[in-house]
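I opened a fresh page for a structure that was new to me. Here is what I looked up, entry by entry, in case it helps you find your way around.

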Amino acid sequence: MGSLEEGKDSNTLVITQNKPLPLKILQFLLLFLGLGIAFSILSMCMLRFVEVQNVLLPVIQTRIQSSCFQEPNSLESWIRPPSNLQHNMNDRQLLWRASFVPQIKNCPFKRTPKIAFMFLTRGPLPLAPLWERFFKGNEELYSIYIHTLPSYKSDFAPSSVFHRRQIPSQVAEWGKMSVCNAERRLLANALLDISNEWFVLLSESCIPLHNFSVVYRYISESRHSFISVFDDHGPVGRGRYNKNMSPEVIITEWRKGSQWFEVNRKLAIDIVKDHVYYPKFEQFCKPSCYVDEHYFPTMLHIQSPHLLANRSLTLVDWSRGGAHPATFGKADITDQFLKKIVEGGTCVYNNQTTSLCSLFARKFSPSTLEPLLERSSKYLGF
């Protein structure tokens, strides 16, 4: 009996070893095999994608650049203003691009000349609602450009005329060449729109003194550009001249003027393409030579004195003394005050005496917005 049981046990063991593998182990092996095959296929696809990308991407980029910059296939490609003011051009590239000048003056398309309103600010535009009212209904006759600190991001509503009108900017410090760089940057961006014919530099504290129709007619019909240019023989005029600026600039050509200007397209191009006077002013006009008061007035006086009205369109009040003009607050905005600054004095316009001399004024604090809005229709005409 004992041997029989041992044999039975032996037979039982042999039979157990020859049974098929359990189902779960078989499923695991099939899953592992499937994953291996899938991974192999995925790897081959990825390698193929990288190869195709390396071949096609340069072609796609070249075609995009060609269609945008090298091979415009229609007139519309040349005359359409940029839909997005943000770009990746550096200043050197931007100034070069903006200096393009058509050699045939008669345009082969309908061109409505516009005024480019260029706001040089640190950040917000607290008087924007007043400007919104000024611009309303004149959309075909103006463009807007805003230069702020690079870190500032505006939050204008999509319905605002200021929405997405910021240009790529850099830090601008008062009295230094970086301010002139910012002004040239504004001009260059505005020149990319071939319809812009006149260019007005403004600050966040500026307000319009008349309605849009008056401003447009005054600027468009003028024979001159409005930039303040005068020969100051005192310490803050010729006293800031550096003899190292010769021979490009001699002391009898040295001029001073207001930072806030209006120039036509010809002078705007002259400013952005300048490489003769810029290095001299950059190197030899540093505080206490405030370059923004001398660079453009001197350069334009040397190059195109016959095109200059030798006055600014922006009214300021220096009667309170100091290094900066007076800042107006809420208490200053009275009927008498507005009537006074709107009527102004007398000046020369197209060789005729006129009482309409200033189109803009500064410096108005944010607190003036409410009283200005209350009185704008009566005194400012909008």
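**Entry 1: a tryptophan in a loop.** I began with Trp174, which counts as partly exposed because its relative accessibility is 46%. I kept in mind that this is a predicted model. Trp174 sits in the loop that runs between strand 2 (142–147) and helix 6. I then looked for its contacts, leaving aside neighbours within four places in sequence, and found Val179, Tyr290 and His324. I also checked Pro287, which is 113 residues away along the chain from Trp174; their C-alpha atoms are separated by 9.8 Å.

**Entry 2: cis peptide bonds.** Pro287 came up again here, since a cis peptide bond joins it to Ser288, with omega at about 15 degrees. I placed Ser288 in the loop between helix 9 and helix 10. I noted another cis peptide bond between Arg362 and Lys363, where omega is about 10 degrees. Lys363 belongs to the loop between strand 9 and helix 12 (369–380).

**Entry 3: helix 6.** Next I followed the chain into helix 6, residues 177–191. Its 15 residues reach 21 Å from the first C-alpha to the last, close to the 21 Å expected at 1.5 Å a residue. Is this helix mostly covered or mostly open? I found it mostly covered, with 14 of the 15 residues buried.

**Entry 4: the nonpolar cores.** I turned to the largest nonpolar core, which has 47 residues; Leu187, Phe199, Phe281 and Tyr295 touch the most other members. Among the elements that give two or more residues to this core are strand 1 (114–120), helix 6, strand 3 and helix 8 (265–273). Which element gives the most to this core? I wrote down helix 6, with 9 residues. I looked closer at Leu187: not counting residues up to four places away in sequence, it touches Met118, Phe199, Phe261, Val263, Ala268, Ile271 and Val272. There is also a second, separate core of 45 residues, which includes Ala128, Phe135, Phe337 and Ile341.

**Entry 5: a buried glutamate.** I went on to Glu204, in the loop between strand 3 (196–203) and strand 4. Its relative accessibility is 18%, so Glu204 counts as buried, the cut-off being under 20%. The side chains of Glu204 and Arg122 are joined by a polar contact of 3.4 Å. Setting aside residues up to four places away in sequence, I listed what Glu204 touches, including Leu120, Thr121, Arg122 and Pro124.

**Entry 6: a three-stranded sheet.** I traced an open sheet of 3 strands in the order 4-9-6, with mixed pairing. Strand 4 (207–208) and strand 6 (314–315) stand at the edges with a single partner strand each, so one side of each has no neighbour in the sheet. Strand 6 and strand 9 (residues 360–361) run parallel and are joined by 2 bridges. I found Phe360 in strand 9 as the bridge partner of Thr314.

**Entry 7: positive phi values.** Last, I looked up Arg164, which is not a glycine yet has a positive phi near 60 degrees. Arg164 lies in the loop between strand 2 and helix 6, and it counts as exposed because its relative accessibility is 55%. Asn310 likewise has a positive phi near 60 degrees. I found Asn310 in the loop between helix 10 and strand 6, partly exposed with a relative accessible area of 43%.

How values were computed
Residues numbered from 1 in each chain as written. Predicted model: local features only at pLDDT ≥ 70, side-chain atom pairs only at ≥ 80, totals over all residues. Heavy atoms only, no water. Helix = DSSP H or I, 4+ residues; strand = E, 2+ residues; numbered from the N terminus. Expected span 1.5 Å × (residues − 1). Buried < 20%, exposed > 50% of the residue type's maximum accessible area, 1.4 Å probe, protein only. Pairing = 2+ DSSP bridges. Contact = heavy atoms within 4.5 Å. Polar contact = N/O pair within 3.5 Å; in protein donor to acceptor, adjacent residues only side chain to side chain. Core = buried A, V, L, I, M, F, W, Y, C linked by side-chain atoms within 4.5 Å.
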